[in-house]
Amino acid sequence: MALFSHPEFDQHETVSYFHDAETGLHAIIAVHNTHLGKGLGGCRMWPYASEADALTDVLRLSRGMTYKAALAGLPQGGGKSVIIGDPRQDKTPALMRAMGRAVERMNGAYVVAEDSGTSVADIRIMAEETRHVGGLADAKSVAAGRTGDPSPATARGTFIGLQAAVRHQLGRDELKGLKVAIQGVGNVGYRLAKHLHEAGAQLWVTDLYAPAVERCVGELGATAVAMDEIHALDVDVFAPCALGAILNDVTIPQIKARVVAGAANNQLAVPVVHGAALSERGILYAPDYCINAGGIIDIYYEGPAYHAPIVEAHLQRIGETLTQIFERAARESRPTHEIADRMAEEIFRKA
Ligand code: NAD
């Protein structure tokens with residue numbers, strides 16, 4: 001499989017394949033860039049249809065982590081790993097230990113954390129074989145208030161970023177009466193809804209899972225909406241907090257909100273096309289990897305020195321960074337996602 005000519009190859013520093021005969025581990029670890037620090041990123045376990053799909057995913061995801069860490073102001077690089085297999089059927093402690101040994105062989109260039117298909121418990125097993133792990137929720141961090149779940153920090157950061165977007169686009173500091181439509185009220189979306197409710201916003205919500213919607217209706221006075229209507233409501237803000245590629249040829253012409261600010265990853269179906277389409281429609285888009293960086297910021301501070309006010313101060317910087325992106329995008333008449341990429345590149349290439 002060609003690597004250097006692969007469409008997702010973008011000057012990645014290292015791409016390593018690992019095989020363990022005893023457990024059947026097939027894994028790839030990609031380190032995109034370590035100019036700012038070790039390449040931190042989750043380990044995704046997925047029944048990829050082919051090795052080529054696994055390679056495409058790990059190249060794309062590891063690059064994304066470099067950009068995310070740089071814009072979040074963290075001294076970290078970007079990395080990611082994938083295990084080819086079905087987490088429900090193929091995951092065993094021995095396989096996780098074999099993955100831990102693979103991580104160890106990267107000599108610290110890659111730091112592993114949880115992702116789809118792996119859990120904190122799996123990372124703890126990997127930690128029996130390597131020191132290069134993150135997001136473990138060690139006892140001291142937990143005692144200092146960290147839950148080990150990045151979702152609360154992601155939701156808090158998204159709320160701060162949404163406020164910055166509303167200030168820039170709608171010229172209002174006050175969220176009382178702001179109309180927000182949230183797509184997906186799971187771990188992050190529900191907590192974002194709570195922050196918004198506390199700030200006096202009016203909420204519309206949808207989710208595949210009915211009890212999640214009922215919780216928001218009952219606790220937060222939200223209005224339940226059909227799944228295919230949420231993006232098209234006549235509200236101030238559309239907050240995608242479910243799946244990727246939600247900003248596409250079909251949805252963008254129907255969006256009435258003037259701000260799109262939510263936690264979901266990879267919201268733009270084709271960034272160059274749909275970032276521009278939003279900008280042409282005068283809709284302010286908060287770049288996903290900037291607004292949803294609260295989780296990696298929280299993980300960065302994990303450890304004996306974890307101190308919630310320091311984490312909160314760092315989360316506030318998400319709002320400041322987004323404001324810089326919005327102002328520069330306006331000055332240069334460019335889409336916000338493009339400015340975010342450029343600002344991230346300026347940070348990690350200079351380092
Ligand atoms: P989650 O699985 O807890 O919540 C997602 C919710 O979306 C679920 O309740 C699910 O039922 C719902 N959903 C799925 N498809 C839907 C659809 N078509 N329409 C409406 N609802 C739908 O996940 P999460 O941890 O809350 O993450 C939400 C998004 O934020 C994901 O894109 C994730 O990648 C991203 N994100 C999460 C974190 C984090 O810290 N958890 C960090 C960065 C980014």
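Visitor: Which residues lie nearest the centre of the second largest pocket?
Guide: K38, L40, Q76, V111 and V133 lie nearest its centre, in a lining of 13 residues. Keep in mind that this is a predicted model.

Visitor: What is the volume of the second largest pocket?
Guide: The volume is about 250 Å³.

Visitor: What makes it a pocket, and what would make it a cavity?
Guide: A pocket is an open set of points, whereas in a cavity a 1.4 Å probe fits but cannot get out. The second largest pocket is therefore counted as open.

Visitor: How do the residues of the lining of the second largest pocket divide by type?
Guide: The lining has six nonpolar, four polar and three charged residues. Leu and Val count as nonpolar, Lys as charged, and Gln falls among the polar ones. So L40, V111 and V133 go to the nonpolar group, K38 to the charged group and Q76 to the polar group.

Visitor: Which domains supply the lining of the second largest pocket?
Guide: Domain 1 (14–65 + 76–136) and domain 2 (151–348) each give at least three residues.

Visitor: How many cavities of 30 Å³ or more does a search of the whole structure find?
Guide: The search finds one. The largest cavity has a volume of about 30 Å³. Its lining is F18, H19, D20, L25, A98, R101, A102 and R105. The elements giving two or more residues to that lining are β1 (14–20) and α3 (93–104).

Visitor: Why does the lining of the largest cavity count one polar residue?
Guide: Check the residue types. Phe, Leu and Ala count as nonpolar, and Asp and Arg as charged. His is on neither list, so H19 counts as polar. The full division is four nonpolar, one polar and three charged.

Visitor: Why is K80 called buried?
Guide: Buried means under 20% relative accessible area. K80 has 7% relative accessibility, so it counts as buried. K80 sits in strand β4 (residues 77–84). UniProt, in an unreviewed entry, places the feature "active site" at K80. Such an annotation may be inferred rather than shown by experiment.

Visitor: What does the UniProt annotation "binding site" cover?
Guide: The unreviewed entry lists G184, V185, G186, N187, V188 and G189. V185 is in the loop between β6 (179–183) and α7 (187–198).

Visitor: Is V185 buried or exposed?
Guide: V185 has a relative accessible area of 1%, and is therefore buried.

Visitor: Why are β8 and β11 said to stand at the edges of their sheet?
Guide: Take the strand order: β8-β7-β6-β9-β10-β11, six strands in an open, parallel sheet. β8 (223–224) and β11 (284–285) each have a single partner strand, so one side of each is left without a neighbour in the sheet.

Visitor: How do you know that strand β7 and β8 pair?
Guide: Pairing needs at least two bridges found by DSSP. Strand β7 (residues 202–206) and β8 share two bridges, in the parallel sense, so they pair. V205 stands opposite A224 in β8.

Visitor: What makes strand β3 and β5 a pair?
Guide: Strand β3 (residues 39–46) and β5 are joined by five bridges in the parallel sense. With at least two required, they therefore count as paired. G41 stands opposite V112 in β5. Strand β5 (residues 110–114) is mostly covered, with four of its five residues buried.

Visitor: Why does Q11 count as exposed?
Guide: Exposed means over 50%. Q11 is at 60% relative accessibility, so it counts as exposed. Q11 belongs to the segment before β1. Its phi is near 55 degrees, a positive value in a residue other than glycine.

Visitor: Why is A245 called partly exposed?
Guide: Partly exposed lies between the 20% and 50% cut-offs. A245 has a relative accessible area of 35%, so it is partly exposed. A245 is in the loop between β9 (237–240) and β10 (259–260). A245 is not a glycine, yet has a positive phi of about 60 degrees.

Visitor: What separates the C-alpha atoms of A69 and I297?
Guide: They are separated by 8.4 Å, though the residues are 228 apart along the chain. A69 lies in helix α1 (residues 51–71). At 1% relative accessibility, A69 counts as buried.

Visitor: What separates the C-alpha atoms of L71 and A54?
Guide: Here 26 Å separates residues 17 apart along the chain. L71 is also in helix α1. Its relative accessible area is 5%, so L71 is buried.

Definitions and conventions. Residues numbered from 1 in each chain as written. Predicted model: local features only at pLDDT ≥ 70, side-chain atom pairs only at ≥ 80, totals over all residues. Heavy atoms only, no water. 1 Å grid on protein atoms, 1.4 Å probe; cavity = no way out; pocket = protein on both sides within 12 Å on 5 of 7 lines; lining within 4 Å. Points joined across faces, edges and corners; volume = space filled by probe spheres on them. Domains from an automatic or database assignment. Buried < 20%, exposed > 50% of the residue type's maximum accessible area, 1.4 Å probe, protein only.
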